[in-house]
Amino acid sequence: MCILNYVQMPIGSLRWQFLHGLRSNVYQPTEGPPDSTTSPPNCTPHLAFHRFGNFRRRLQEVIVVVGNLVTMDHHGRTARLELEDANVRRFAAKVLDVSSEGIVLDRSAFYPGGGGQPPDFGALSFDGIFCRILGVRKGDDLYLIPNEEDPLPAVGTSVEGIIDDVRRFQLMRTHSALHLLSGVVFRDFGALVTGGNMEPLSARLDFNLSEVPPGFKETIDEMCNLEVSANRAITTYSLPRDEAFAIPDIIRTATNLLPDDLEIVRIVDINGLDVQADGGTHVSSTAQIKRMRVAKVENKGKGFRRVKIELEE
Ligand SMILES: [Zn+2]
């Protein structure tokens with residue numbers, strides 16, 4: 001399992017988490033739709049992760065979120081296109097609802113956030129009008145958060161959804177880089193991940209590694225980039241629960257905490273290196289991550305090492 005799923009907020013705080021993220025990170029292009037050639041400013045929602053004060057309790061809370069993430073191709077009334085194809089950037093949809101909560105579509109490729117990966121930004125286009133989308137919130141439905149000043153589509157309108165490609169692809173590369181890092185550190189040092197966070201092109205993972213061998217930082221930097229160069233395929237697929245859990249290490253520390261009714265598990269597989277249950281969007285090969293740099297290894301307490309990575313543009 002992608003341990004990043006463990007470090008989401010407890011369910012009761014998800015709404016707060018998302019609104020907080022939006023307030024502090026408003027995407028404000030001057031006009032028109034998101035430009036696929038430039039990144040929006042301040043485009044990193046702040047995900048306020050909790051420390052693992054009571055790891056097991058938090059794990060149980062978050063596993064329910066994971067269950068939703070990895071078993072459903074819908075959220076509420078919205079079909080989630082990005083789970084099937086992470087490369088969808090434009091899609092046709094119909095507006096089902098518009099309220100103070102946001103805009104609900106019948107289908108959407110906007111990644112709503114989760115597993116440590118922040119939500120997408122973008123726009124809806126209709127009748128020659130653009131309504132900028134500043135984020136996504138998961139409630140009973142999947143709510144797209146419009147820019148307050150933009151015109152809203154009426155219920156029943158056919159719209160085109162447009163995903164900010166620069167931001168999304170950077171997040172896909174970063175998310176895949178974290179899985180690669182997790183796979184390398186587990187394979188070579190046997191250390192498990194206990195937390196993490198990501199922004200476009202920079203991220204961190206925390207490992208339960210009691211002692212750091214000499215040259216640890218340089219070694220994992222070299223090993224990670226060897227895996228990038230190896231151009232391993234990254235694939236996503238769904239498996240019945242029993243088959244998924246038969247894969248060695250897939251859930252690692254959390255197998256017995258997954259709910260019994262979790263029937264289908266979405267898998268992200270870096271061929272030959274790392275297999276995890278995961279609901280995020282990923283690039284299709286490790287070469288697409290491009291060079292990743294292990295920027296820092298910090299000692300955050302007994303057996304608690306924080307590895308920070310940066311990706312090139
Ligand atoms: Zn993940």
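Start by selecting Asp-206 in this predicted model and look at what surrounds the residue. Beyond its neighbours up to four places away in sequence, Asp-206 touches Val-193, Thr-194, Gly-195 and Gly-196, along with Lys-300, Phe-304, Arg-305 and Arg-306. Is Asp-206 buried or exposed? Asp-206 counts as buried because 22 other C-beta atoms lie within 10 Å, and the cut-off for that label is 20 or more.

Now colour strand E11, residues 202-207, where Asp-206 is found. Widen the selection to the open sheet around this strand: four strands in the order E10-E11-E16-E15, with antiparallel pairing. At the edges you will find E10 (193-199) and E15 (292-299), each pairing on one side only. Neighbouring strands here are turned by 15 degrees against each other on average, with direction ignored.

Next, move to E15 and its partner E16, residues 305-311. Seven bridges join E15 and E16 in the antiparallel sense. To see one position in detail, pick Met-292, which stands opposite Leu-311 in E16.

Then bring in helix H4, residues 165-189. H4 lies across E10, E11, E15 and E16, and runs at about 25 degrees to E11. For a distance to display, try Ser-182 and Asp-206: these residues are 24 apart along the chain, and their C-alpha atoms are separated by 9.5 Å.

Finally, zoom out to the whole protein. How many helices and strands does the protein have? There are six helices and 16 strands. Of its 313 residues, 43% count as buried. Among contacts with a separation of 6 or more, 70% come from residues 24 or more positions apart.

Methods
Residues are numbered from 1 along each chain as its sequence is written. This is a predicted model: local features need pLDDT of at least 70, side-chain atom pairs count only at pLDDT 80 or more; totals for chains, interfaces and linings use all residues. Two strands pair if DSSP finds at least two bridges between them. Helices (H or I, at least four residues) and strands (E, at least two) are DSSP runs, numbered from the N terminus. Axes are lines fitted to C-alpha atoms, for helices over the stretch in contact, and angles run from 0 to 180 degrees between N-to-C directions. Two residues are in contact if their C-beta atoms, placed from the backbone, lie within 7 Å. A residue is buried if 20 or more other C-beta atoms lie within 10 Å of its own, exposed if 12 or fewer, and partly exposed in between; C-beta atoms are placed from the backbone.
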